[in-house]
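Q: I have a structure open and want to go through it piece by piece. Can you take my questions as they come?

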Amino acid sequence: MTAIMHHAPLLDFHPDTESFLDDVLHGLSLAPKTLPCKYFYDEEGSRLFDEICGLEEYYPTRTETALMEAHAGEMATLLGRDVVLVEYGSGSSTKSRILLDNLPDLEAYVPIDISREHLCRSADCLACEYAGLPVHPVCADYTAPFRLPTFGRGNARWSVYFPGSTIGNFHRPEAVRFLRQIARVVGPGGALLIGVDLRKDTQVLEAAYNDRRGVTAAFNMNLLRRINRELGADFNLDRFRHHAFYNEDRGRIEMHLQSLANQTVRIDRDDVSFSEGETIFTECSYKYSLEGFAGLAAEAGFTVRRVWTDAARLFSVQYLVATKVDQPPERPYQHGGVT
């Protein structure tokens, strides 16, 4: 039986296999070797990440969720009426529901995620749960150019919701460029509601990325499993291990996959050699002070207008307004395609 789709037709800009292969081969040719963290999120990777969010050691999700539950009404008031809410990296849209419950006059909700199957299931659930809310899913790598849908009414205020600690996955120059792109999406006076992880005790940080059940390790290793499946590689997963630690000098968690032996891996028609102990850098997660993130936001054209933190200052949700929007010759994010 064919499933009934309740949301608007999917705008699909999912990266193709050739792009995936090019990115993998390029990353593994670098020193140190690296793989883009966006490729974590196939269907299994998305499922594992949802599981991570419920782990005892993983404080960001429960802390941010508590902040949303306590302050969503104020956040909604700041966002205002007739809003088109765009969520980057929507996943299961769990925290989004808290916001949607407080935005009854929402013009539309646009979830963006790179995992197509996960996105469609989530969008369908939301369209059923929030009758009358236009849900327009976009499958895309949101760090690359893609189109956003347009809508019939022209007076809507475009706002972006970027929860979690995903901004920490960008090195500073990349974070500035990415936030500038968001400023161009929302336009002058447009809003960004963003989750920002804060600096804290090293033990708390390292425990969050090395859980006792090994779910984060499985999430990291799934990247090699995906490369094997989709690119015809022959990674022996028993010859790699998950390795995550806090780099205090750089203020970031680093996740690596470490080779346990001298070995050669075949990927498509290329051979990639690894020495024992060599790592593949798969993800960073920068942790910010409130002052440090305000400086980053200002460099990108945003002003921080409101900050909510928990009592222990583990995490923050911040409301930013675009005060300086530069328009490049070709806009990296274009509205169009749905009327």
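Q: Which residue is the bridge partner of leucine 85 in strand 7?
A: Leucine 85 has serine 159 as its bridge partner in strand 7. Helices (H or I, at least four residues) and strands (E, at least two) are DSSP runs, numbered from the N terminus.

Q: Before we go on, what kind of model is this, and how are the residues numbered?
A: It is a predicted model, where local features need pLDDT of at least 70, side-chain atom pairs count only at pLDDT 80 or more, and totals for chains, interfaces and linings use all residues. Residues are numbered from 1 along each chain as its sequence is written, and side-chain values use heavy atoms, with hydrogens and water left out.

Q: OK. How many bridges are there between strand 3 and strand 7, and is the pairing parallel or antiparallel?
A: Strand 3 (residues 83-88) pairs with strand 7 in the parallel sense, over 5 bridges. Two strands pair if DSSP finds at least two bridges between them.

Q: And strand 8?
A: Strand 8 (residues 191-197) runs parallel to strand 7, and 4 bridges join them. Phenylalanine 162 stands opposite isoleucine 194 of strand 8.

Q: What do strand 7, helix 6 and strand 8 make together?
A: With helix 6 (residues 172-186), the two strands make a right-handed β-α-β unit. Right-handed means that, with the strands pointing away from the viewer, the path from the first strand over the helix to the second runs clockwise.

Q: How many residues of strand 7 are buried?
A: Strand 7 (residues 157-162) is mostly covered, with 5 of its 6 residues buried. Buried means under 20% relative accessible area, exposed over 50%, and partly exposed in between (1.4 Å probe, protein chains only).

Q: Switching to helix 1. Which of its residues are buried?
A: Phe20, Leu21, Val24, Gly27 and Leu28 are the buried residues of helix 1. Seen down the helix 1 axis, they fall within an arc of 140°, so they line one face of the helix. The arc is that of the directions from the helix axis to the C-beta atoms.

Q: What do they pack against?
A: The buried residues of helix 1 pack against strand 2, helix 8 (215-231), strand 11 (263-267), strand 12 (270-274) and strand 13. Contact here means heavy atoms within 4.5 Å.

Q: Strand 2 and strand 13: what sheet are they in?
A: They belong to an open sheet of 4 strands in the order 2-13-10-9, with mixed pairing. Its edge strands are strand 2 (33-34) and strand 9 (240-247), each pairing on one side only. Strand 2 pairs with strand 13 (residues 279-286) in the parallel sense over 2 bridges, and threonine 34 has phenylalanine 281 as its bridge partner.

Q: New topic. How many disulfides are there?
A: A search of the whole structure finds 0 disulfides. A disulfide is counted when a pair of cysteine sulfur atoms lies within 2.5 Å.

Q: Why does cysteine 125 have no bond to cysteine 128?
A: The two sulfurs are 6.8 Å apart, too far for a bond, and cysteine 128 holds the closest cysteine sulfur to that of cysteine 125. Cysteine 125 is partly exposed, at 40% relative accessibility.

Q: And cysteine 284?
A: Cysteine 284 is in no disulfide, and the nearest cysteine sulfur, that of cysteine 37, is 7.0 Å away. Cysteine 284 is buried, with a relative accessible area of 5%.

Q: Last one: is histidine 118 buried or exposed?
A: Histidine 118 is buried, at a relative accessible area of 10%. It is found in helix 5 (residues 116-129). Leaving aside neighbours within four places in sequence, histidine 118 is in contact with Ser46, Asp50, Gly91 and Ser92.
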